[in-house]
Amino acid sequence: MGATYGYRLSALFAPLILAFTFACSAEGIELSQWQFDHEDQSLAVSLPGSLDDHLPLERTEFSLSATAKIPDKWRGQAISLSISSWATVATLEVAGERVPSSHSWDSARYRDGPHHWVIPGRLTTAGELTLTMQARSYWSPAAWVNTVPRLTLGDEGDSQTRTVRRFNDATNWLAIGTLGTIAFTYLLLFLFDRSQKTYLALAIQTGTTLYFICYHLGFTQPVFGYLDSVVMAMSIATAITVGIFALRSRFGLPRMSRWWWFAYALTLVMAVYVARPFVVVGPAAVALVSTLTIGIGSQLWQLGRLIRREPSAEAILEFLCWTSLAVATPADGLFFLGFGELLGGIRL
């Protein structure tokens, strides 16, 4: 239900995503009407949307089928089916024949995406295409088809999916290089002078954030399997909590309240609670997003007071860093809360 309201809520953010949406909306053929099948259920659904109400909270599989009419000039040519945000492992059959994914992770266990299949020209000679997507539901976001499936001529896929994939890959690899270097440097500084606990805190803060980047690149699935999302929640909770400690230590601010450690422990407990064969992200997402929101707000408040009292270039730069985090975080947070995608799958 949250996702349904989220798709309506996203309209309020039109100024932020107008250019991106406008560039992609007129391209290809949108396939919004599908037939959902799961065990003895069969019903018509509209995408994007949430299938939560039709799926049990346990490991299962389901399918989505549609018949698409294609333009005469597309017949006999390669056609792409793309979905920029659907966090599950899915396969495609066209007229009963399996079509391999063009950009699937080899290591995918339970989540994948963006999805892109290239339908060969020999299957597009008729005026209609019968499409069937078979999906694994191993965690709750598998039921959230957050962007409309789209058919486009050629093998590159629609511009939205290409933009999401290229942007996320480029920024994630850039982040691995920068965060890895920073974490390693702070760790070395601490090892040279063990009294500098701030350096250790900064190394932990940056290192745990690095896990989040590896998570989005799919590297963590072979290591932790379906529990890599649980570890991701723990790593982000650690990063924000240790970051609060590091900030206060660096600038001589008042010590952390014990309530921060309580919130951190609660987030870890919620993460452990959802660590079952079927991962329901809701409880952990609520705890994590709450901790992030209050933590970032607290950091900005403390830095703002510090800048007014003793302005310095270092404090201003720190304030701008936390401000950028406050701007970049909401899209990811709303996704994990089940409110859809504000940016079509782009991870700021």
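These legends describe close-up views of a predicted model.

**View 1. A salt bridge links Arg122 and Glu97.** The closest N and O atoms of this pair are 2.5 Å apart. Arg122 sits in the loop between strand 9 (115-119) and strand 10 (128-137), while Glu97 belongs to strand 8 (residues 97-99), so the contact ties together parts that are 25 residues apart in sequence. How exposed is each partner? Arg122 has 55% relative accessibility and counts as exposed, because the cut-off for that class is over 50%. Glu97 has 28% and counts as partly exposed.

**View 2. Two helices meet through Arg250 and Glu318.** The side chains form a salt bridge, 2.8 Å from N to O. Arg250 lies in helix 6 (residues 228-251) and Glu318 in helix 9 (residues 313-336), so the pair ties together parts that are 68 residues apart in sequence. Arg250 is partly exposed, with a relative accessible area of 30%. Glu318 has a relative accessible area of 13%; this residue is buried because the value falls under 20%.

**View 3. Asp332 and Arg347 form a buried salt bridge.** The N to O distance here is 3.1 Å. Asp332 is part of helix 9, and Arg347 is in the segment after helix 9. The pair therefore ties together parts that are 15 residues apart in sequence. Are the two residues buried or exposed? Both Asp332 and Arg347 are buried.

**View 4. Glu30, Arg150 and Asp158 belong to one network.** Salt bridges that share partners join these residues. The count of salt bridges in the model comes to 9.

**View 5. Six strands build an open, antiparallel sheet.** In what order do the strands run? The order is 3-2-5-10-7-8. Strand 3 (41-46) and strand 8 stand at the edges. Each has a single partner strand, so one side of each is left without a neighbour in the sheet. From one strand to the next, the twist averages 30°. Strands of a sheet pair through backbone hydrogen bonds, and the pairing can be parallel or antiparallel.

**View 6. Strand 7 pairs with strand 10 inside this sheet.** Strand 7 covers residues 90-94. How many bridges does the pairing of strand 7 and strand 10 span? There are 5 bridges, and the sense is antiparallel. Ala90 stands opposite Ala135, a residue of strand 10.

Technical notes:
Residues are numbered from 1 along each chain as its sequence is written. This is a predicted model: local features need pLDDT of at least 70, side-chain atom pairs count only at pLDDT 80 or more; totals for chains, interfaces and linings use all residues. Side-chain values use heavy atoms; hydrogens and water are left out. A salt bridge is a side-chain nitrogen of Lys or Arg within 4 Å of a carboxyl oxygen of Asp or Glu. Helices (H or I, at least four residues) and strands (E, at least two) are DSSP runs, numbered from the N terminus. Buried means under 20% relative accessible area, exposed over 50%, partly exposed in between (1.4 Å probe, protein chains only). Two strands pair if DSSP finds at least two bridges between them. Axes are lines fitted to C-alpha atoms, for helices over the stretch in contact, and angles run from 0 to 180 degrees between N-to-C directions.
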